[in-house]
Amino acid sequence: MATTVYAAGTSTTMAAAAVMLPRVTTTARCSALPNLPVRSFSTSIKQVSVSKRSSLFQIKASEDASSAPDASELFNDLKEKWDAVENKSTVIIYGGGGIVAIWLSSILIGAINSVPLLPKILELVGLGYTGWFVYRYLLFKSSRKELATDIESIKKKIAGTE
């Protein structure tokens with residue numbers, strides 16, 4: 001009662017080829033469910049031509065020694081940059097603070113996700129705000145200009161030139 005299933009495979013020239021896979025049958029059944037009739041499935045094999053568009057995206061691998069970074073060279077560059085830093089304790093404190101902030105935010109997000117319906121409500125609030133922002137600032141030319149001037153004024157405030 002062994003049947004075969006036909007599957008289509010493609011080669012690098014995009015020509016289709018058929019592969020015969022034997023169906024594995026078992027003689028002992030440990031299930032109380034009724035036996036279902038065996039169906040054989042076949043797939044149609046089609047000849048696929050390579051279009052001009054897909055030929056534009058062909059990637060060729062090349063062996064270039066200059067593109068592969070050397071581990072010792074990488075460590076030497078990092079060591080030079082670390083030696084050039086004047087205030088190392090500040091960098092370590094900021095880096096540690098950043099890691100702690102990411103850890104705490106992941107805990108907070110996990111707690112919010114565990115509350116029923118709260119993630120969906122927050123998603124709706126975000127979608128509503130996005131819709132308002134698009135309507136307020138992005139739909140009309142005058143409002144886009146207003147947004148650009150607001151962004152420029154914020155940049156000047158941050159840079160301290162205003």
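The exercises below, each with a worked solution, concern a predicted model of a single protein chain.

**Exercise 1. Describe the order of secondary structure elements in the protein chain and how much of the chain is buried.**

Step 1. The elements are counted: the protein chain contains five helices and two strands.

Step 2. The elements are placed in order. Read from the N terminus, they follow the pattern β-β-α-α-α-α-α.

Step 3. Burial is considered. Of the 162 residues in the protein chain, 2% are buried, where buried means under 20% relative accessible area.

Step 4. The surface is described. The accessible surface of the protein chain is about 15,000 Å², and carbon and sulfur atoms supply 65% of that surface.

Step 5. Contacts are considered. Among contacts in the protein chain with a separation of 6 or more, 29% join residues 24 or more positions apart.

**Exercise 2. Determine where confidence in the protein chain is lowest and where it is highest.**

Step 1. The chain as a whole has a mean pLDDT of 75, with 57% of its residues at 70 or more.

Step 2. The elements are compared. Strand 1 (residues 4-10) has the lowest confidence, with a mean of 44, whereas helix 4 has the highest, at 95.

Step 3. The stretch at the start of the chain is examined. Residues 1-19 have a pLDDT below 50, and the model gives this stretch 35 contacts beyond near neighbours in sequence.

Step 4. A further stretch is examined. Residues 43-48 also have pLDDT under 50, and here the model shows eight contacts beyond four places in sequence.

**Exercise 3. Set the annotated transmembrane regions against the secondary structure of the model.**

Step 1. The record is consulted. An unreviewed UniProt entry assigns the annotation "transmembrane region" to residues 91-115 and 121-139.

Step 2. For residues 91-115, the model has 96% helix and 0% strand, and 37 Å separates the end C-alpha atoms.

Step 3. For residues 121-139, the model has 95% helix and 0% strand, with the end C-alpha atoms 26 Å apart.

**Exercise 4. Examine the loop between helix 3 and helix 4, beginning with Leu117, and identify the nonpolar surface patch that includes Leu117.**

Step 1. Val115 is located in the loop between helix 3 (88-114) and helix 4 (118-138). Leu117 is found in the loop between these two helices as well.

Step 2. Accessibility is assigned. Val115 counts as partly exposed because its relative accessibility is 37%. Leu117 is classed as exposed because its relative accessible area is 63%.

Step 3. The backbone of Leu117 is inspected: its phi is near 70 degrees, a positive value in a residue that is not glycine. For context, most residues other than glycine have a negative phi.

Step 4. The patch is assembled. Val115 and Leu117 join Leu118, Ile121, Leu122 and Val125 in a nonpolar surface patch, whose residues together have about 520 Å² of accessible area.

**Exercise 5. Find the salt bridges of the structure and place the partners of each in the chain.**

Step 1. The principle is recalled: side chains of opposite charge can pair when their charged atoms come close. The structure holds three salt bridges.

Step 2. Asp83 and Lys79 form a salt bridge with an N to O distance of 3.5 Å. Both residues belong to helix 2 (residues 71-84), where they stand four residues apart, about one turn of the helix. Asp83 is partly exposed because its relative accessibility is 47%, while Lys79, at a relative accessible area of 54%, is exposed.

Step 3. Arg136 and Glu146 form a salt bridge in which the closest N and O atoms are 3.0 Å apart. This pair connects distant parts of the chain, with Arg136 in helix 4 and Glu146 in helix 5 (residues 141-159), ten residues apart. Arg136 has a relative accessible area of 31% and is therefore partly exposed; Glu146, at 32% relative accessibility, also counts as partly exposed.

Step 4. Lys155 and Glu152 form a salt bridge, with the closest N and O atoms 3.5 Å apart. About one helical turn separates Lys155 from Glu152, because they are three residues apart in helix 5. Lys155 is partly exposed at 49% relative accessibility, and Glu152 is partly exposed with a relative accessible area of 40%.

Methods: Residues numbered from 1 in each chain as written. Predicted model: local features only at pLDDT ≥ 70, side-chain atom pairs only at ≥ 80, totals over all residues. Heavy atoms only, no water. Patch = residues over 30% accessible without salt bridge, like charges linked within 9 Å, V, L, I, M, F, W, Y side chains within 5 Å. Areas by Shrake-Rupley, 256 points an atom, 1.4 Å probe, with all protein chains shown as cover. Salt bridge = Lys/Arg side-chain N within 4 Å of Asp/Glu carboxyl O. Buried < 20%, exposed > 50% of the residue type's maximum accessible area, 1.4 Å probe, protein only. pLDDT = per-residue confidence, 0-100. Contact = heavy atoms within 4.5 Å. UniProt positions renumbered as here; feature names shortened; annotations may be inferred.
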